[in-house]
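I opened the notebook to look up salt bridges. These are my entries.

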Amino acid sequence: MARRPLACLLIAWLPVISGCAIPAVADPAAAGGVELLDDRILRRDDGPRGIPLGGLSEIAADGQGGYLLISDDRGEYGPPRYLRMQIDFDLTARRFRIGARDWERLITGHAPGIRPPPLVDGEALRVVPGSGDLIWSSEGDIWNGVPAEIYLSDPHGRLLRSLHLPDYFRPDKPIGWSGRGMRPNKAVEALDVTADGRQVVAMPEDVLMQELKDEDVRTGVPVRVLRFDLSSGLPVAAHVYRLDPFPDPDLDPTPPPVNANGASAMLLLDDGRYLVLERGFDRDNGVRIRLYVADPATADDVLDLPDLGGQRYRSAAKYLVGDLLGAGLRADNWEGMAFGPDLPDGRKTLVLVTDDNFNQLFQSTIIAWIALPPLDEVRARRPAQ
């Protein structure tokens with residue numbers, strides 16, 4: 001989520017939380033076995049080369065023991081870039097240390113036939129297994145006619161291609177509000193690459209404009225999950241993941257017309273399921289961060305449906321892994337996640353990062369390390385929806 005619209009969204013909080021922590025919607029009973037192992041706060045002057053450290057919207061394992069973190073500052077503090085960071089884990093003490101870090105240029109050149117974007121609002125980032133290429137997304141500036149895109153770059157930052165989003169993902173007006181497509185500041189924030197490096201799975205943060213219905217606030221809005229063939233850049237399938245409502249309509253009889261929840265990151269699992277980090281902000285209710293595992297095995301393919309309104313389809317089954325604030329994470333703008341090293345007892349871990357949005361509501365960047373419960377046990381739980 002880019003800082004400008006988020007700052008506008010949260011400005012109404014200022015009288016309530018100025019000088020205080022962000023209000024948390026935490027449910028310790030729903031932590032689900034998620035364990036906070038360790039966290040670290042990084043200051044803005046911890047950035048190398050005199051460039052402030054901030055605006056980090058995603059963290060990705062580089063396949064060589066390090067991590068990459070994309071920045072979304074839109075060029076205010078430097079060219080489009082990501083931070084290469086070493087994290088050293090102590091699996092016995094369950095602590096970690098931030099090591100060497102340096103900025104890398106996200107775009108250094110481009111292949112024939114591809115035009116570099118005039119503005120980059122970097123949101124999602126993954127490393128393609130085998131090639132080391134980077135797959136990443138930019139939210140652009142939809143309001144002002146800069147489209148959101150998904151790009152493939154080589155390891156040196158040379159743009160190779162953009163993926164072909166379906167037409168119904170594209171706004172039907174070049175500038176301003178439209179009746180179709182991804183909404184401003186609600187474009188692709190979550191993506192991952194299959195283990196064989198052949199396909200990309202991506203989802204926008206929220207529902208498409210043409211599928212935004214007030215009644216969906218009570219059931220959770222539908223978010224399309226696209227699957228691309230990386231060699232051609234073409235979409236080959238799509239299904240629906242349904243976000244949880246936030247705020248809870250059962251507790252608030254007059255919910256806002258737009259769900260205040262969004263998908264900020266995803267990670268594919270080896271068995272075809274995937275993890276989704278859902279992040280909710282609401283002026284009156286505060287912040288909620290939850291982790292889900294989704295199973296698309298029985299979901300219907302909706303790639304050829306330009307509008308889900310009035311259609312019958314099955315969504316991906318989803319199961320709550322845990323309420324992350326209930327597990328002890330600080331209430332903040334958690335935007336990215338990557339796998340960390342497995343623990344000696346076999347549990348998978350995640351490394352999470354917050355995006356400070358370069359504003360005063362978020363004081364710094366936080367890196368957290370959490371352990372997950374056995375995901376086979378999560379599958380045995382009752383579906384969340």
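I looked up Glu58 first and noted that Glu58 is buried (under 20% relative accessible area; exposed is over 50%, partly exposed in between, with a 1.4 Å probe and protein chains only). Its relative accessible area is 0%. This is a predicted model, in which local features need pLDDT of at least 70 and side-chain atom pairs count only at pLDDT 80 or more, while totals for chains, interfaces and linings use all residues. Residues are numbered from 1 along each chain as its sequence is written, and side-chain values use heavy atoms, with hydrogens and water left out.

I checked the confidence, given as pLDDT (the predictor's confidence in each residue, from 0 to 100). The mean pLDDT of the protein chain is 89, and 90% of its residues reach 70 or more. Over residues 3-20 the pLDDT is below 50.

Next I looked for the partner of Glu58. Arg126 forms a salt bridge with Glu58 (a side-chain nitrogen of Lys or Arg within 4 Å of a carboxyl oxygen of Asp or Glu), and their closest N and O atoms are 3.6 Å apart. Arg126 is buried too, at 4% relative accessibility.

I then took Glu149, which pairs with Arg170 in a salt bridge, the closest N and O atoms being 3.0 Å apart. Glu149 is buried at 12% relative accessibility, whereas Arg170 is partly exposed at 22%.

Lys186 and Asp206 form another salt bridge, with closest N and O atoms 3.8 Å apart. Lys186 is buried at 18%, and Asp206 is buried at 1%.

Last, I noted that salt bridges sharing partners join Glu35, Arg94, Asp345 and Arg347 into one network. The count comes to 31 salt bridges.

Conventions. Contact = heavy atoms within 4.5 Å.
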